[in-house]
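User: I'd like a close look at the empty spaces in this protein. Can you walk me through them?

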Amino acid sequence: MPDERILVTRSSMPTLEEYVNEIAPLWDSHFLTNMGEKHQQLERDLLSYLDVDNITLFVNGHNALECVLEAMDLHGKVITTPFTFASTTHAIVRKGLTPVFADIRPDNYTLDPAKIEELIDGETTAILPVHVYGNLCDVEAIQDIAARHGLKVIYDAAHAFGVRKNGVSSAMFGDASMFSFHATKVFNTIEGGAVCYRDHDLKEKLDHWKNFGISGLEEVEYAGGNAKMNEFCAAMGVCNLRHLPDEIAKRKLVAERYWDNLEDVPGIVVHRPAEGIESNYCYLPVVFEDEFGATRDDVYAALRAQDIFARKYFYPLTTQFDCYRGRFDSYETPIAAHVSTHVLTLPMFADLTMEQVDRICAIVRSCAR
Ligand code: T4K
């Protein structure tokens, strides 16, 4: 029985034949992991696609983020956003750093530069902003603050693979950017991730770090972990990258159909990409304000009743997680709190049909009172 449900996303995949062709050489080499040929090829392909000089692949985005925080030798406090996936805050905390939460901008849900400076003190060593839903942070303002205070900037760019600002790749901003290649992302390697960075000296450190700190046959330089991308995942990436421009073009049509359907509805807030931004259309966030007459949760339930599974990315805020109660729950971030309780991310993937989008939008509109 075919699955008739419409889920929030659906992994992009090459044809089975293309993938089998890509992995066939592994049956000759018997090299399945530890930075083999497919891993090397994907790194080369990504350097070129992202227009960067340095990249290190990882088993997933979260490990990439933890690893770069450790490799940069940060300590003390890191200014960040609570409007994000668990990974961002967890990475900071798991590396022994203290997250300090600033509010987000109401127009694109990224860290508000105007709220950062008042939180900086002598213990602050970095800023960790998140490019949310493919919207880029105000990278110039954040860089300016970081430069004035001698702070590192590490972007959680899990949602920003392939996004460009005035032609400049999202991977070029800050000291480092982490990308997620999870199955649910615009570009996937099944599970996977990467860090792009400015400082070429980090290359060796990160490469060794993800392989137990092993630096030679008989040398171990760091107490590293194991965070290597295997050959099957790298091969999936090599295939998916070939089709990425088509995927993004199809997503753009889907996004435009949603916006055309919804942007004039009173109380519904959607954002087309800002001037100069080439988006990857990775999520389709819709904010339901009081004027709409029904809550975000009403719309979620109405869609669910029709087997359409939207998601509440990102609810709750990470500061509201049980594991942070009494530790990081005292920050006042009213805009993040508002967006988190009013936003729904509607189904978005390249093969969503226009008929499906129209159906979803009709259900959404029917909730208005
Ligand atoms: N920073 C940010 C801002 C992030 O959003 C993320 C990940 C990270 C860091 C960490 O990167 P990674 O370490 O994951 O590389 C999903 C993803 O697991 C997660 O990667 C992603 N963010 C987050 C926003 O979404 P869930 O718990 O919502 O996933 P799940 O299993 O409910 O899947 C959602 C839908 O996707 C399903 O309804 C169907 C579809 N799907 C799912 C899977 C697993 C597929 O089509 N194929 C699949 O293989 O977290």
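How many nonpolar, polar and charged residues does the lining of the second largest pocket have?

Analyst: Keep in mind that this is a predicted model. The lining of the second largest pocket has 15 nonpolar, five polar and six charged residues. Together, 26 residues line this pocket, and Asn108, Asn135, Arg272, Pro273 and Ala274 are the closest to its centre. The space inside comes to about 400 Å³. As for where the walls come from, helix H8 (231-262) and strand E14 (284-288) each hand over at least two lining residues. Domain 1 (16-238) and domain 2 (243-366) are both involved, with at least three residues of the lining drawn from each.

Now set that beside the largest pocket, which holds about 470 Å³ of space. This one is lined by 26 residues, and Phe85, Ser180, His182, Thr184 and Lys185 sit closest to its centre. Helix H4 (61-71), helix H5 (86-94) and strand E8 (176-180) are the elements giving two or more residues to that lining. Sorted by class, the lining of the largest pocket splits into 11 nonpolar, 12 polar and three charged residues. The largest pocket lies between domain 1 (16-238) and domain 2 (243-366), because both of them give residues to its lining.

There's a closed space to look at as well. The structure holds one cavity of 30 Å³ or more, and the largest cavity has a volume of about 40 Å³. Its lining includes Ala158, His159, Ala160 and Phe161, then Ser180, and also Lys185, Val186 and Phe187, with Asn280 and Cys282 completing the set. By class, that lining comes out as six nonpolar, three polar and one charged.

Ser180 is a handy residue to follow through all this. Ser180 is among the residues closest to the centre of the largest pocket, and Ser180 also lines the largest cavity. The ligand brings Ser180 up again: of the 25 residues around the ligand, those that come nearest are Ser11, Asp156, Ser180, Arg311 and Tyr313. A polar side-chain atom of Ser180 is 2.7 Å from an oxygen atom of the ligand. His182, another residue listed closest to the centre of the largest pocket, has a side-chain N or O atom 3.3 Å from a ligand oxygen. With Gly61, the contact is through the backbone, where a polar atom lies 2.9 Å from an oxygen atom of the ligand. On its own the ligand would expose 930 Å², and the protein buries 75% of that.

Key. Residues numbered from 1 in each chain as written. Predicted model: local features only at pLDDT ≥ 70, side-chain atom pairs only at ≥ 80, totals over all residues. Heavy atoms only, no water. 1 Å grid on protein atoms, 1.4 Å probe; cavity = no way out; pocket = protein on both sides within 12 Å on 5 of 7 lines; lining within 4 Å. Points joined across faces, edges and corners; volume = space filled by probe spheres on them. Helix = DSSP H or I, 4+ residues; strand = E, 2+ residues; numbered from the N terminus. Nonpolar A, V, L, I, M, F, W, Y, C, P; charged D, E, K, R; others polar. Domains from an automatic or database assignment. Near = heavy atom within 4 Å. Polar contact = N/O pair within 3.5 Å; in protein donor to acceptor, adjacent residues only side chain to side chain. Areas by Shrake-Rupley, 256 points an atom, 1.4 Å probe, with all protein chains shown as cover.
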